[in-house]
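Hi,

Here is the structure I promised to pass on. Have a look, and then read my notes underneath.

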Amino acid sequence: SEDGNGRAVNENVYETLLTRDAAGELQPLLATEYTQVDDTTWEFTLREGVSFHNGAPFNAEAVAFSVNRIVDPATASDQVNNFATITSAEAVSDNVVRILTNGPDPILPARLNMLMIVEPGHVQADPEVFATTPIGTGPYKFVSWDRGVDVTIEKNPDYWGEPGSIDVVHYRPILEESTRLAALQAGEVDLVFGLLPEQIDSAPVAVHRPGLEFPVILLHNGPDSVLADVRLRQAMNYAVDKEGIAEAIYGGYAVPADGQVLTPGHFGYNPDVKAYPYDPAKAQELIAESGYDGAEIVLESEVGRWLKDKELVEVVAGQLAEVGLNVRINISEFSNYLDILFDPDNRAPMIFVSHDNTLLDADRTLSGYYSCEGTAPSYCNEAVTAMINAARTETDVAAREAMYHEIVKTAHDEASHLFLVNIENIYGLSERLNWEPRLDGRLLITEMSLK
């Protein structure tokens, strides 16, 4: 699942062919080495002597099954966009597998850091059982799931790699922020994520680092949109006080986004593109030049899914009103909000989203939010879309990076989005837990220890 709670468990139970270290560099995991055979074929040599938690052998058949399963439309995986270039996989021998793509895909290795390897027999025996009892090759084994109450995993005694030092882990869903903090203070839990900035001083220990979560507002630039005039979209970017938002809403645990939905940790980030400065007078000037007539501009949003989403949307709408824009917020229940977000035929002029890109490659963000063919197409520039598609198959790393820099610069200048802030991930820890947060936000139990 793409859901953060599911990942927190699955990333300790399942493994991938390649992984990223804490600094974000790709490293071998279930694959020990790989080569690119030709433009559309990659070959992976697999680690030997590895078993699944049920004793079944890990081998090339299991990898081919896992890859083919995720790209099969019948699986209807919510992660399929991450693997859209893959056509199939085949076992060459017991410990060599080939993965085929529909064109050159230079970031296939990065994609495989997200593709978890499953045990074929377990999946085929009963899909319902498979969905609720994960069996992987990882350092922790699934024990039990009491829905809404607790998921328990325990150390895998037969793990091929460095075992964790913690024997048993319990995951408890606690939806309410103040209840989470109280459980941490009482010693009932050792780690909470999504700690509020104002709770930091009350936590036994708090750690934070810049994350990959980008709240941003999609701006519809189509010819029939109230925001078709580039000056109006630029005005919005000048009208919003990013520094003030980072301080007032996130307690300083956020930084203004650099005029792009990427951070320096992403391949394709353009270091020369910076945030629009806060300049309400400039905003008013551009609005006047655009001939804006006071027409209503709807800002679609949801509440409660992302940190401080309601407060953020309200402050942004207020600052847009101050420069003379007639913005109305429409709050929808989450499933209705998703229908609005993914509706290509009736584009709302403004949609609040929060985007996170753990692939650490610009392709995921640009193809989703900068392309006319994206999952949520608001900004559309045919030349930019063509370049995004070309970059996806460009195997010359420097050429590909230059294309991304140009895409980011063009979209910034055309105010493709209302760029806001990049949020730090804040975690509360018990006094007894040793752990450093990662750039990708993964909660790997093998990286934790108890004092």
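Below is what turned up, starting with the cores.

A caution before that: this is a predicted model, where local features need pLDDT of at least 70, side-chain atom pairs count only at pLDDT 80 or more, and totals for chains, interfaces and linings use all residues. Residues are numbered from 1 along each chain as its sequence is written, and side-chain values use heavy atoms, with hydrogens and water left out.

The largest nonpolar core (buried Ala, Val, Leu, Ile, Met, Phe, Trp, Tyr and Cys joined through side-chain atoms within 4.5 Å; buried is under 20% relative accessible area, exposed over 50%, partly exposed in between, with a 1.4 Å probe and protein chains only) has 66 residues. Leu320, Leu325, Met350 and Leu418 have the most contacts inside it. Beyond four places in sequence, Leu320 is in contact (heavy atoms within 4.5 Å) with residues including Met236, Val327 and Leu418. There's also a second, separate core of 32 residues, with Val67, Phe83, Ala89 and Leu108 among them.

Now for the strands (DSSP runs of E, at least two residues, numbered from the N terminus). S8 (residues 150-155) and S9 run antiparallel and are joined by four bridges; two strands pair if DSSP finds at least two bridges between them. One of the partnerships puts Glu154 opposite Val168 in S9. Which residues of strand S9 (residues 168-171) are on its covered face? They are Val169 and Tyr171, while Val168 and His170 are on the uncovered one. In a regular strand, side chains alternate between the two faces of the sheet.

Cheers
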